[in-house]
Every structure is written in C-alpha cells, then in structure tokens.
Amino acid sequence: MDRTSEAKRRELVANRETLKRIFIMREDDSAKATLLKYMEQIFFGLQDFLKDHVGITEERSLREMASRFQNSLISEQPEKKLAEVITELVEDIAPHAVNVASPYFVGHMTSAMPFFMVHLAAFVAALNQNVVKLETSKIVSIVEKQLLAKIHRMIYQQDDAFYSRHIQSVDTSLGGFTEDGTLANMTALWVARNSILNQTEGFAGVEQEGMFAAYQALGIERMVVLVSQLGHYSLRKAAGLLGLGNKNVIGLPIDANNRVDVDALARAVKEISADPKTRIMAVVGIAGATETGSVDPLPRIAEICAEHNIHFHADAAWGGPTLFSEKYKHLLEGIDLADSVTIDGHKQFYMPMTCGMVYFKNPWAMDAIAYHSTYIARPGSVDLGIKSLAGSRASTSLILDSALKVMGVKGYGILVEHGIGLAKQFAKEIRAREHFELVTPPELNILTYRYVPARLQERLKNAEPKEAVRINQCLNALNIVLQRDQREAGKSFVSRTTFRRPPEQGGDVVVLRTVLMNPMTRLRILKEILDEQEQICQTKLGKAFGAIC
C-alpha cells in the first residue's frame with residue numbers, strides 16, 4: 001500500500017475526532033474556503049450537467065442501472081470523503097436521473113426552478129427548523145403564520161380587520177403547510193369529517209370514538225365524497241385513511257369541457273340527501289385537473305353545497321397560482337366560496353419538493369383536528385403542530401415567503417401567462433398536423449393529444465361503436481409504445497394517461513399529456529417533440545402497426 005492510500009485509509013475512520021470535524025464548522029478562513037469549495041462543486045457541477053444535458057436523461061435501461069446497485073451491506077468504516085461523494089453524485093447519479101429542468105421535459109407537474117430556490121433550500125437545510133413547535137422554530141413559526149395570511153388573502157379577499165385579528169392569533173388558523181397536495185387534501189377532508197361527526201350528547205366525537213361509534217350516533221351507515229371522475233387519486237387515499245372506504249369517493253360525469261357535470265352533481269346530492277343512512281361529507285371542485293388542467297364551475301358547486309350545508313373543498317393544488325395572473329385569474333372565479341382550498345408550492349410556485357398548503361375560510365375550522373400534549377403543542381401555545389398531520393416538518397414556508405419577495409405577484413403572473421399562452425399555441429400546432437388529434441384543448445396550461453394516422457381519422461368519425469373500439473385499441477397500443485420509446489430515448493418527455501369511455505363512445509383512449517410550465521420551453525421545442533414523435537411512428541413503429549391499423 002503506498003503512502004497516499006495509507007493516509008487516505010487513516011482519514012476514513014469513524015471516531016470522535018472525525019465526527020467532531022463533521023458536526024462542528026470551524027470559523028477560520030480555511031474552514032470557510034472548504035465549505036465554499038464543496039458548495040461550488042455541487043452548484044456549478046450540477047449546473048454544468050444541466051447545461052450539457054439539455055435532454056431528459058441518458059439512454060440506459062432501468063434493468064442495467066439496477067444491476068449496479070445490488071450491495072445491501074453498510075460499510076463498517078467511512079468509504080469516501082465528501083468531495084468524492086459529491087463527484088459521484090454529479091457524475092454518476094445526475095446523468096441517469098431525470099433532468100426536470102430541461103425545456104424538453106413537458107410531461108409532469110415538475111419543472112425548472114428559479115436558480116435562487118437552491119440557495120434558499122440550502123439555507124432552510126442549514127437552519128434545520130422544525131416548524132411544528134415553537135421551541136424548534138421561534139420566529140420561523142411567526143413568519144409562516146404571516147405567509148399563510150398572505151395566500152389566504154389572495155384566495156378569500158377578506159378585509160384588513162379580519163387579517164389583523166387572525167394573522168398571529170394563537171386561537172385560530174387560516175391554514176397550514178403540509179408535505180404535499182395529497183396531505184393537504186387529506187387535512188381538508190379530515191376537518192370536514194370531524195366537523196360533521198363532532199361531539200353530541202352521549203358521543204365524544206369521531207376523533208375519540210372512531211367511525212363505527214360515529215355512524216351509530218348519527219344513525220347512518222356510510223359517508224361519501226363527491227368529485228368529478230377527473231378527481232385526484234389522493235382523495236381516494238384520504239377516504240381510505242379516514243375510514244370512509246375509497247369506494248365512497250364517487251366520481252361524477254364530466255361535460256364536453258372536462259368539467260364536472262353540475263346537473264349530475266345536483267341530482268347526486270339530491271338523491272343521496274334523501275337517503276337517511278348516507279351523509280355527504282364533502283364535494284370537491286377541481287381548479288386545475290391533473291390530467292386535463294380543466295377547472296370545474298366553482299360558483300355553481302358552491303351554490304349546491306350552500307343549499308345542502310355540505311363542505312365545499314377546492315383542489316387547486318395545480319391551478320391555485322393562476323390567481324396571480326390578472327389576465328387569467330377569472331378562470332378560478334368562485335374559489336373564494338370554498339370552505340377549504342389546497343395549493344401545492346412545488347408545482348406552480350416553482351419550489352423544491354416538498355410543500356403543500358391547505359386553507360380554510362373559517363379560522364376556527366381546524367379546531368376539529370387539534371391535538372395537545374404535555375411536552376409540545378400545549379393548549380394556548382403557538383405550536384403549529386397542534387393542527388397538523390405532521391410531527392416534524394421543514395420550514396419550506398421560508399422558501400415560499402422569500403420567493404414571493406423576489407418574484408412578486410407580477411413575476412408569478414408572467415410565468416402563469418406564459419404557460420397558458422404556450423398551451424394555446426401548442427394546441428393550434430397539433431391541430432395543424434395531419435397525424436395528430438387534439439383530445440382535450442387547454443383551459444390552463446395542460447393539454448392532451450394522440451397520434452392518429454390521417455387515414456384512420458376519417459374511419460373513426462364514421463365507425464360503428466364496435467369498429468371504433470377496435471381502432472382505438474390499436475391506437476392505444478401505438479401511443480403507449482410511442483410514449484415509452486420517446487421517454488427511453490432520453491431527448492424529450494411527455495407523459496400519458498387513459499380516458500375511460502364506454503364502448504358506445506369508442507372505448508378507452510390513451511392520450512399523450514403535456515404540462516407547459518417551464519418558462520424556457522418555446523413553441524420551437526414543442527414542434528421538435530412532435531417531429532420526434534412523427535419519426536418514431538413513421539419509421540420504427542410503421543411496420544409493426546401498419547397491418548393492424
């Protein structure tokens with residue numbers, strides 16, 4: 001063993017001295033230089049990778065990559081120095097991850113972040129505040145309550161007196177941060193459930209006694225949640241966890257614009273309300289459907305819910321920031337009538353993972369889910385964990401608070417308007433190409449389409465249902481392979497989904513889905529993506545599917 005290897009071996013030993021060097025940052029110039037060196041290695045190394053790899057990922061199979069990661073043993077002693085680990089992350093991991101910052105990545109609700117988000121995330125990690133309790137966050141909890149009031153005001157537009165009273169109140173809550181939109185939706189439905197199944201004479205409430213006792217106390221046998229068939233699957237998760245059973249999330253028909261059919265909703269509410277054994281726990285209106293970007297008619301849903309005293313929840317995880325656009329905020333008209341609203345920070349606020357938010361019109365609504373203990377979350381404290389699913393939570397609110405100061409309403413509005421405007425341009429381009437069919441035109445910045453050879457389009461229009469099903473099955477297979485081949489090539493990415501349709505309407509339809517939020521994505525890039533799809537279908541897939549289709 002040479003001297004260099006021997007010296008390295010001695011350094012890579014876990015003992016009190018080496019751990020002390022890891023945990024205690026010395027304040028001399030040498031230590032600062034070392035820290036800056038590592039930060040430069042991360043930031044600039046990753047930036048160089050993202051710049052050099054404008055595509056989505058390097059072409060390599062999951063099976064091949066999995067074969068490299070078969071070691072299930074943790075080394076007794078340290079294996080590598082930090083500089084080596086960072087190099088490995090930048091050179092060996094990053095190229096095979098997904099470059100979500102690429103303007104060619106237009107398939108999911110994850111995108112490029114403003115560069116300053118990385119610095120803010122590093123600050124949050126270094127500060128390491130746990131915002132569920134004041135004793136591990138102090139001023140950060142105060143800042144978070146102020147931020148909640150700012151976003152609440154964007155949604156509900158209450159007056160100065162309202163926010164002066166509630167912004168820092170220890171007795172009320174305007175909302176809360178969660179890890180994502182799934183937990184935000186779950187929190188909203190948790191509040192709705194507990195508010196309905198609350199304490200009555202001889203019954204201490206569902207949170208104490210459980211669902212069986214609650215149903216007995218109210219003389220019911222089930223509770224349901226109503227939402228369009230485009231409702232996010234997190235609602236079914238919530239129903240499962242809250243004891244309703246996910247089959248009791250009832251998907252309602254949609255209209256020609258992919259919005260919930262309000263006549264069908266009104267009929268469902270009337271029929272279910274007439275059943276003494278069933279209660280409607282909530283109706284969910286979607287403000288930016290995951291698959292289509294469509295916005296339900298929120299004012300009409302609010303009217304139906306108010307008439308029947310039903311909790312109205314608006315899932316605006318995707319579309320919420322549209323409120324920042326003067327040009328398009330009218331698309332969310334009626335969101336201020338919702339009892340609760342979900343918004344995701346790591347979607348159109350362009351934040352790092354993970355940041356979800358839920359807001360309540362009634363500042364006392366979250367009392368229904370309050371928990372206390374003797375060591376934290378004491379009654380009367382400012383501990384935000386009193387009304388939270390999380391027992392520990394990072395201070396991502398600091399990132400959003402800072403981002404709003406850097407970007408302002410105008411800045412976020414420009415990003416929203418770019419995405420919606422680009423979606424309209426892309427829809428026009430798809431319509432102009434003979435081998436593509438626009439399936440769901442954009443309302444916000446999401447649209448779906450599919451590859452349909454021109455010779456089949458006329459056949460589909462005139463086909464009997466049985467023949468239409470056969471043709472669509474062939475087209476579904478074609479579009480699935482197209483999406484997979486394009487993804488695995490690693491140059492660009494669109495996602496796919498399946499719209500469920502009955503046989504009399506031609507059966508299920510597989511579509512390609514684009515989410516246009518990256519401000520660096522331009523129509524030129526989207527044309528290149530379509531060109532690539534045409535090339536895949538006309539060359540590689542032409543022979544395989546030509547005879548069938």
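Reader: What span would a straight helix of 37 residues have, and what does α14 span?
Author: In this predicted model, α14 covers only 43 Å between its end C-alpha atoms, whereas a straight helix of 37 residues would span 54 Å at 1.5 Å a residue.

Reader: Where does α14 bend, and by about how much?
Author: The bend is at G408 and amounts to about 80°.

Reader: Which helix gives the most to the largest nonpolar core?
Author: That is α14, residues 396–432, which contributes nine residues. The core itself has 69 residues. Those with the most contacts inside it are I155, L226, I335, V341, F349 and Y412.

Reader: Take I335, then. Which residues does I335 touch?
Author: Leaving aside residues up to four places away in sequence, I335 touches I155, Y156, L298, A314, A316, L323 and V341. There is also a second, separate core of 36 residues, which includes A192, L244, V249 and M366.

Reader: Turning to the loop between β7 and α14: where does S388 lie, and is it buried or exposed?
Author: S388 lies in that loop, which follows β7 (356–360). S388 counts as buried because its relative accessible area is 18%, and the cut-off for buried is under 20%.

Reader: Which backbone nitrogen does the side chain of S388 reach?
Author: The side chain of S388 reaches the backbone nitrogen of A390, at 3.0 Å.

Reader: A change of topic: how many disulfides does the structure hold?
Author: The structure holds zero disulfides.

Reader: And the cysteines C355 and C537, are they buried or exposed?
Author: C355 is buried, with a relative accessible area of 0%. C537 is also buried, at 6% relative accessibility.

Technical notes
Residues numbered from 1 in each chain as written. Predicted model: local features only at pLDDT ≥ 70, side-chain atom pairs only at ≥ 80, totals over all residues. Heavy atoms only, no water. Core = buried A, V, L, I, M, F, W, Y, C linked by side-chain atoms within 4.5 Å. Buried < 20%, exposed > 50% of the residue type's maximum accessible area, 1.4 Å probe, protein only. Helix = DSSP H or I, 4+ residues; strand = E, 2+ residues; numbered from the N terminus. Contact = heavy atoms within 4.5 Å. Disulfide = S-S within 2.5 Å. Expected span 1.5 Å × (residues − 1). Bend = angle between axes of the 7 residues up to and from the residue. Polar contact = N/O pair within 3.5 Å; in protein donor to acceptor, adjacent residues only side chain to side chain.
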